[in-house]
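Biologist: I should be grateful for a close look at a single part of this protein, namely its nonpolar interior. Please describe that part in detail and then relate the rest of the structure to it.

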Amino acid sequence: MRILHTSDLHLREDRPETIRALKELLRIASERGADLMTIGGDIFHSKEDAEVLRPKLREIFSGDGPEVLAIPGNHDADAYREDLNWGSKITVATEEPFSTFEYEGFAIIALPFKDELTTSLYDRLQSVSDKHSKSALLLHCTLDIGYSSEDFGEEESVSYFPVTRETLREWGFDYVLAGHFHRNQSILKLGEEIKFIYPGSPVSHSWSELGKRKAVLVDVESGEEEGLSLDTFYRDECEKVVRPGEEEELVEEIGVWVDERVGDDCEIRVIPRGHVRLDEKEFTKMLEEACEGAELTHEFYRSVKPVLNHPLFRRFKESLDSRDDIDDKEAVEEMALDAMSRLLANRELRS
Ligand SMILES: [Mn+2]
């Protein structure tokens, strides 16, 4: 059995790229022969988005793709009622405390979102795991490994259903198919047998979700899993430090980075930082040519030509180069360039 696992689509009426991502997920699931697609919560950004989008999704969730098993997340926990029709191929597991789905000897325990783990829920999950020799737990949670709230696409630092690795080891499900973590794909081995999978959001919702998005294809029989790159909207950022005399190299590197992404469904930005020997207008022109199709930030670079030509800086540079007891010479040089350009600007140093 093959499962394509994803989570945190955050479908929104005003963001059509989220709907396109859903279609892409179903397409790739079919292409790769997945028997099931699991969604670990937050299909919708809000209850209201779920209400508005439901009729439109019915067709998508009744089409050619595989069966879909989903759970509510913290954003759409109240969106699902039994009398609603979401499409013929999707099941949203809302039954409390959880429900069990069996697929040819493999069980998926689907836990709808709740705030906390209680003792009685802990015990019930332990006993359901003991009952099945091969199983996965589908849940929306905050794993205890020091992520920041931004990583989960949340503005406040609230831990939604916090769970420890220790607890997951004790339950002993073979797979934990999780959701809530947006930043990137993250697959952890918890002990010998247990795999914890955060697929990351399949479409970028903010500037903390960078790079091509992924979904995870799990082959239950072979025990192997594969991160699949999705053809969905993403954001990406290239932040580079430029040093005097290395402008051309840097601009060339940036150009390659931009060319690799332009043409994708993406928003990209380039942030050059540091000091250049070239005239600013000249450097800016080079950058603009290399960055066509990307957003370019002009805030963090400047020319330090007068400093580089100053006899005091030359003496400093000579002495710096001759020292072998300084670890980060580049950082020291940056500081000197910065300090001396301020002094020159304030006429505290004669040019
Ligand atoms: Mn989310």
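Modeller: The model is a predicted one. Its largest nonpolar core holds 34 residues, and the members that touch the most others are L4, L22, F44 and L57. Two or more residues of this core come from each of helix 1 (16-31), strand 2 (36-39), helix 2 (47-60), strand 3 (67-70), strand 4 and strand 13 (214-219). Helix 1 is the largest contributor, giving 7 residues. In soluble globular proteins, nonpolar side chains tend to be buried together.

L4 shows how distant stretches of the chain meet. With neighbours within four places in sequence set aside, L4 contacts L25, I28 and A29, and also A34, L36, M37 and T38. The contacts of L4 further include A215, V216, L217 and L228.

A separate core, the second, has 26 residues, among them L125, C141, F173 and L190.

The metal site comes next. The manganese ion has four protein donors, D8 (OD), H10 (NE2), D42 (OD) and H182 (NE2), at 2.1 to 2.5 Å from the ion. Along the sequence these donor residues follow the spacing D-x1-H-x31-D-x139-H. D8 belongs to the loop between strand 1 (2-6) and helix 1, whereas H182 belongs to the loop between strand 10 (175-179) and strand 11 (186-190); the pair therefore ties together parts that are 174 residues apart in sequence. D8 and H182 are both buried.

Strand 4 leads from the largest core, to which it gives two or more residues, to a pocket. The second largest pocket encloses about 190 Å³ of space. Its lining consists of Y80, R81, E82, L84, W86, T91, V92, A93, T94, E95, S99 and F101. Strand 4 (90-92) and strand 5 (99-103) are the elements that give two or more residues to this lining. Sorted by class, the lining comprises 6 nonpolar, 3 polar and 3 charged residues.

One further residue deserves mention. T167 is located in helix 4 (residues 165-171). The relative accessible area of T167 is 12%, and T167 is therefore buried, the limit being under 20%. Residues up to four places away in sequence not being counted, T167 touches L117 and Y122.

Notes: Residues numbered from 1 in each chain as written. Predicted model: local features only at pLDDT ≥ 70, side-chain atom pairs only at ≥ 80, totals over all residues. Heavy atoms only, no water. 1 Å grid on protein atoms, 1.4 Å probe; cavity = no way out; pocket = protein on both sides within 12 Å on 5 of 7 lines; lining within 4 Å. Points joined across faces, edges and corners; volume = space filled by probe spheres on them. Helix = DSSP H or I, 4+ residues; strand = E, 2+ residues; numbered from the N terminus. Nonpolar A, V, L, I, M, F, W, Y, C, P; charged D, E, K, R; others polar. Core = buried A, V, L, I, M, F, W, Y, C linked by side-chain atoms within 4.5 Å. Buried < 20%, exposed > 50% of the residue type's maximum accessible area, 1.4 Å probe, protein only. Contact = heavy atoms within 4.5 Å. Donors = N, O, S within 2.8 Å, 3.2 Å for Na, K, Ca; no water.
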